[in-house]
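The exercises below ask the reader to locate selected features in the model and then to follow a worked solution step by step.

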Amino acid sequence: MAADGADPHAERPVDEAARADGGGDALLEVEGLTTVFHTDKETIRAVDDVSFSVEEGETLGIVGESGSGKSVTARSILGLIDSPGVIESGSIRFRGDELTGDNWDTHRGDISIVFQDPSNSLNPVYTVGNQIRETLRIHQGIRGQEAREEAVRLLESVGIPDARRRVTEYPHQFSGGMRQRAVIAVALACDPDLLVCDEPTTALDVTIQAQILELLDDLQDEEDLAIVFITHDMGVIEETADRVNVMYAGEMVESAPVGELFDRPQHPYTRGLLASIPGRTVSGDRLPTIGGEVPTPTAEATDCRFADRCPEAFDACERVHPEPIRVGPDHTAACLLHEEGYEHDLDAGDLRGEGTTDGDADAVADGGDRA
Ligand SMILES: Nc1ncnc2c1ncn2[C@@H]1O[C@H](COP(=O)(O)OP(=O)(O)OP(=O)(O)O)[C@@H](O)[C@H]1O
Ligand code: NI
């Protein structure tokens with residue numbers, strides 16, 4: 001689904017299987033997004049053919065281990081990919097407008113981002129109020145007394161007490177939790193329709209984390225914001241998300257409404273992530289934790305990138321790349337276990353249950369060069 005060279009506004013065939021939202025007029029539609037980094041040594045396919053959409057007012061959670069491509073997805077949506085990175089192909093539409101191809105400026109301010117570390121998001125030499133007013137001026141044309149009042153109102157709306165005084169303070173005078181609230185206030189000063197939060201609570205302690213999550217929830221109700229919430233924490237996903245995309249090695253391996261994903265996870269990787277939530281066991285699951293690490297994708301996938309960590313892999317997983325397919329209403333998974341025609345392989349080369357024993361060599365005797 002390459003967008004290069006093509007008229008970005010041209011009608012694109014919608015891949016029914018890859019789109020879990022069932023169509024309709026989504027706020028944000030991402031289709032076939034592929035973002036690569038050309039380093040000296042290799043090309044890293046950080047986001048590889050990912051499709052999803054975000055509806056008005058909903059929270060989409062993106063979850064996956066470190067290096068799975070969550071942040072690059074976020075930065076792609078905001079047009080923040082810099083050299084050596086490039087959006088190689090795909091389409092990102094906001095309210096139907098194509099953003100790829102340097103069209104982000106027309107929607108700057110409609111989409112805002114909150115990063116993990118609040119200290120890097122605020123400029124230490126300006127007061128918090130100053131930074132909110134600057135954003136109000138640039139994105140909403142609000143100046144002077146009106147901007148001063150709006151800055152106080154925004155600080156109040158993110159739960160900062162004594163806002164009238166604190167608006168005159170510098171970031172270093174704020175605690176970590178208060179600083180992240182201030183960052184959210186700056187993000188809201190654009191009056192965005194979509195707020196992208198990239199691990200916004202990871203640097204905060206648990207109590208403050210819970211307060212920030214509650215704040216985002218309240219803001220969403222009040223301002224009818226759509227939120228893309230990025231985290232590696234399934235527990236946080238359960239609390240915040242309406243829908244969930246599970247990412248692995250640049251790909252979206254499962255997508256479903258949050259209740260459905262937790263009740264009926266269809267990808268072994270998702271089951272592994274769920275089993276890693278403290279105090280939670282998933283029926284029939286064999287993975288208390290997932291061993292190994294996310295591989296760095298450097299070539300187009302010709303196999304399942306999760307296969308060598310997967311307790312349910314069989315030999316076809318080493319030679320066939322699974323595409324997202326529909327596994328339920330509004331639910332997709334990219335796993336051969338759900339694709340027709342591969343069941344026979346279960347008999348031929350089933351590795352299930354063997355992953356933790358040292359009998360792997362025997363099990364793969366007819367399965368090729370599995371390490
Ligand atoms: N500027 C860059 N140059 C080269 N490679 C990059 C760059 N930024 C990201 N990558 C690579 O892209 C892949 C995805 O990275 P990304 O930051 O999106 O992961 P993530 O899911 O957000 O992980 P984390 O949970 O650690 O934040 C990784 O392999 C990473 O090394
Ligand atoms: Ni990240």
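**Exercise 1.** In which loop is Glu199 found? Describe its backbone and its exposure as well.

*Solution.* The model is a predicted one, and in it Glu199 is found in the loop between strand E7 (194–198) and helix H7 (206–223). Turning to the backbone, phi of Glu199 is near 50°, which is a positive value in a residue other than glycine. For the exposure, one counts the other C-beta atoms within 10 Å, and because there are 19 of them, Glu199 is partly exposed; a buried residue would need 20 or more.

**Exercise 2.** Treat Arg95 in the same manner, and then find the cis peptide bond that precedes Pro84.

*Solution.* Arg95 has its place in the loop between E4 and strand E5 (97–98), and its phi, near 45°, is again positive in a residue that is not glycine. Arg95 counts as partly exposed because it has 14 C-beta neighbours inside 10 Å. The cis peptide bond runs from Ser83 to Pro84, with omega near 10°, and Pro84 itself lies in the loop between H1 and strand E4 (85–94).

**Exercise 3.** Describe how helices H3 and H4 meet, beginning with the axes and ending with the residues in contact.

*Solution.* The axes of H3 (residues 128–140) and H4 (residues 144–157) come within 9 Å and cross at roughly 115°, and the crossing is right-handed. On the H3 side the contact is made by Gly129, Ile132, Arg133, Leu136 and Arg137, which meet Ala147, Arg148, Glu150, Ala151 and Leu154 in H4. Sorted by class, this contact has five nonpolar, one polar and four charged residues.

**Exercise 4.** Characterise the shell around ligand 1 by its nearest residues, its classes and the elements that supply it.

*Solution.* There are 16 residues around ligand 1, of which Ala46, Ser66, Lys70, Ser71 and Val72 come nearest. By class, the shell divides into five nonpolar, ten polar and one charged. Strand E2 (43–54) and helix H1 (70–77) each supply at least two residues, and H1 gives the most, with three.

**Exercise 5.** Which residues have the most contacts inside the largest nonpolar core, and what does Val253 touch?

*Solution.* The largest nonpolar core has 88 residues, and those with the most contacts inside it are Ala182, Ala185, Val196, Val228, Val246 and Val253. Helix H6 (residues 176–188) gives the most to this core, with eight residues. Leaving aside residues up to four places away in sequence, Val253 touches Val246, Met247, Tyr248, His267, Tyr269, Phe306, Ala333 and Ala334.

Methods
Residues numbered from 1 in each chain as written. Chains lettered and ligands numbered in written order. Predicted model: local features only at pLDDT ≥ 70, side-chain atom pairs only at ≥ 80, totals over all residues. Axes fitted to C-alpha atoms, helices over the stretch in contact; angles between N-to-C directions. Helix = DSSP H or I, 4+ residues; strand = E, 2+ residues; numbered from the N terminus. Left-handed = near helix turned anticlockwise from the far one by under 90°. Contact = placed C-beta atoms within 7 Å. Nonpolar A, V, L, I, M, F, W, Y, C, P; charged D, E, K, R; others polar. Near = placed C-beta within 6 Å. Core = buried A, V, L, I, M, F, W, Y, C linked by C-beta atoms within 7 Å. Buried ≥ 20, exposed ≤ 12 C-beta atoms within 10 Å, placed from the backbone.
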